[in-house]
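Thanks for coming. I will go through a few places in one structure, starting with a histidine contact and ending at the surface. Please have the structure open.

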Amino acid sequence: MAAFKETKLPADAPALQKGLAWVDDRFPLTKLWNDQWGKYYAPKNFNMWYIFGSLAMLVLVLQIVTGIFLTMHYKPDATLAFGSVEYIMREVPWGWLVRYMHSTGASAFFIIVYLHMTRGLLYGSYRKPRELVWLFGFAIFLCLMAEAFFGYLLPWGQMSYWGAQVIVNLFGAIPVIGPDLSLWIRGDYVVSDATLNRFFAFHVIAIPLVLLGLVAAHLIALHEVGSLNPDGIEVKENLGPDGHPVDAIPSHPYYSVHDMFGASIFLLIFSIVVFWAPEMGGYFLEYNNFLPADPMKTPPHIAPTWYFTPFYSVLRATTSDFLWVVIVGLAAYVTFIWLKSQLSFKVKAAIAGVSLLAIIGMLPGMLDAKFWGVVLFGSSVVILAGLPWLDHSKVKSIRYRPDWHKYVYLVFFLSFLTLGYLGTQLPTPTATIMAQVATLLYFSFFLLMPWWSAAGTFKQVPARVNYHPH
């Protein structure tokens, strides 16, 4: 084992410098800072799309801090939970502010994450060698959905109670294990005190620990392969005499200032919402959730919070009639793969076999539409993880793709927004048809990506990044 060597500093060195040297001799604090930010070189042509990663970190810290203060007064008991939330809002000094910051922060978190994922989609940030970065990010997204779901029940209001009841009951549609799985999740035959306690444990302890680990892994993986840029150029391939990329700059102080400016704008908007519109017209906090949970009174319209509604719309759109459309679409897709795909015979045969089993399961008298709704609901989320292998484009950034690709992305974003809006509305026949069309467009974007992403005339990618000083 190497002998311990302590850094020698002049006797008149500042106390802070001495203290930092003492820590660095025992823990690589300065090295971690330099590796992960201080001397981490990032492309110099970042735009405002690149603030959302830092904003996500800011909101994560905000949620943890406000959550800690809320747990000091919240009581995870079915008979006391709603009253404890009211106590926080009315009696605890500044409790209303902490609660509104936490509830608004949940929606802000998803807005930022959706925008962060949009940037990755537009600039191809999931492409080689960043597949693992994307997968860690996708796992973070799943954890956020779980965290939001478990936290949704805690206020023990009408919409919390019935929303959790509906979502947990979805698992009952799974053949054979469904009823037992729903019972295990609830801890009782109905949503009850046992459900509240286990959801509280997951929301406060289990999921945050996993989330923090995934965030660390996401950042480490990103800084290992380097950040991409709006041009989709690998700056590490063009190094200067000093060994650093010629088209990159140190993150600190340049992007520290960049992110601080973005954080200032965000906190201004966030404060306006918290102080003047924390319910955001019922989208951030539903009005029914200000009523205590009543197992004997079902709200006229049960819908999850807005950030779940795009996927919830996919679930609601899956009717027995719609399954015939899915069957035809799946058969056509398998045929298309056999005629146009370069996959091996074994892979094609496997896809055809799985599709045939799915088609048989969708026929009348087999598995009901509710089950296939759960399958499509889960698939609409999980399919995001496959982006690095579905995109076969010759370039990474949308800047150098054929112009008509932009319209494909536009149709995808509009279908996603349509699904999100329809999920907040009553399921009328017209709304159901619109949701079904949007669902087909949503899945078509991903399933046909191997072909449309490689089609068209691509623009020449420059050797160096486009950067205009300002």
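**A histidine and its surroundings**

The side chain of His 203 reaches the backbone oxygen of Glu 147, at 2.9 Å. Before I go on, keep in mind that this is a predicted model.

Where does His 203 sit? It is found in helix 9, which covers residues 193-225. Is His 203 buried or exposed? Its relative accessibility is 15%, and buried means under 20%, so His 203 counts as buried. Leaving out residues up to four places away in sequence, His 203 touches His 102, Glu 147, Phe 150, Gly 151, Leu 154 and Pro 208. So Glu 147, whose backbone oxygen the side chain reaches, is also on that list of contacts.

Next, an aspartate. Asp 391 is in the loop between helix 15 (387-390) and helix 16 (403-422). Being in a loop does not put Asp 391 on the outside here: it counts as buried because its relative accessibility is 4%. A polar atom of the Asp 391 side chain lies 3.0 Å from the backbone nitrogen of Ser 393. Setting aside neighbours within four places in sequence, the contacts of Asp 391 are Tyr 126, Arg 127, Arg 401, Met 449 and Ser 453.

Now the nonpolar interior. How many residues does the largest nonpolar core have? It has 115, and those with the most contacts inside it are Phe 110, Phe 141, Trp 156, Tyr 442 and Phe 446. Helix 5, residues 95-123, gives the most to this core, with 13 residues. Take Phe 141: beyond its neighbours within four places in sequence, it is in contact with Phe 110, Val 113, Tyr 114, Met 117, Phe 311, Val 381 and Leu 384.

Trp 156 comes up again in the contacts of Tyr 161, along with Leu 153, Val 191, Ala 293 and Pro 295, again without neighbours within four places. Tyr 161 is in helix 7, residues 158-170, and it counts as buried because its relative accessibility is 3%.

Last, the surface. Which residues form a nonpolar patch there? They are Met 48, Phe 261, Ile 265, Leu 268, Ile 269, Ile 272, Phe 275 and Trp 276, and together they have about 890 Å² of accessible area. One of them, Leu 268, is in helix 10, residues 251-276. Leu 268 has 52% relative accessibility, and exposed means over 50%, so it counts as exposed.

That is the end of the tour.

Definitions and conventions
Residues are numbered from 1 along each chain as its sequence is written. This is a predicted model: local features need pLDDT of at least 70, side-chain atom pairs count only at pLDDT 80 or more; totals for chains, interfaces and linings use all residues. Side-chain values use heavy atoms; hydrogens and water are left out. Patches are made of residues with over 30% relative accessible area and no salt bridge: like charges are joined within 9 Å, nonpolar side chains (Val, Leu, Ile, Met, Phe, Trp, Tyr) within 5 Å. Accessible areas come from the Shrake-Rupley method with a 1.4 Å probe; for residues, only the protein chains shown count as cover. A salt bridge is a side-chain nitrogen of Lys or Arg within 4 Å of a carboxyl oxygen of Asp or Glu. Helices (H or I, at least four residues) and strands (E, at least two) are DSSP runs, numbered from the N terminus. Buried means under 20% relative accessible area, exposed over 50%, partly exposed in between (1.4 Å probe, protein chains only). A nonpolar core is a set of buried Ala, Val, Leu, Ile, Met, Phe, Trp, Tyr and Cys residues joined through side-chain atoms within 4.5 Å. Contact means heavy atoms within 4.5 Å. A polar contact is a pair of N or O atoms within 3.5 Å; within protein, one must be able to donate a hydrogen and the other to accept it, and residues adjacent in sequence count only if both atoms are side-chain atoms.
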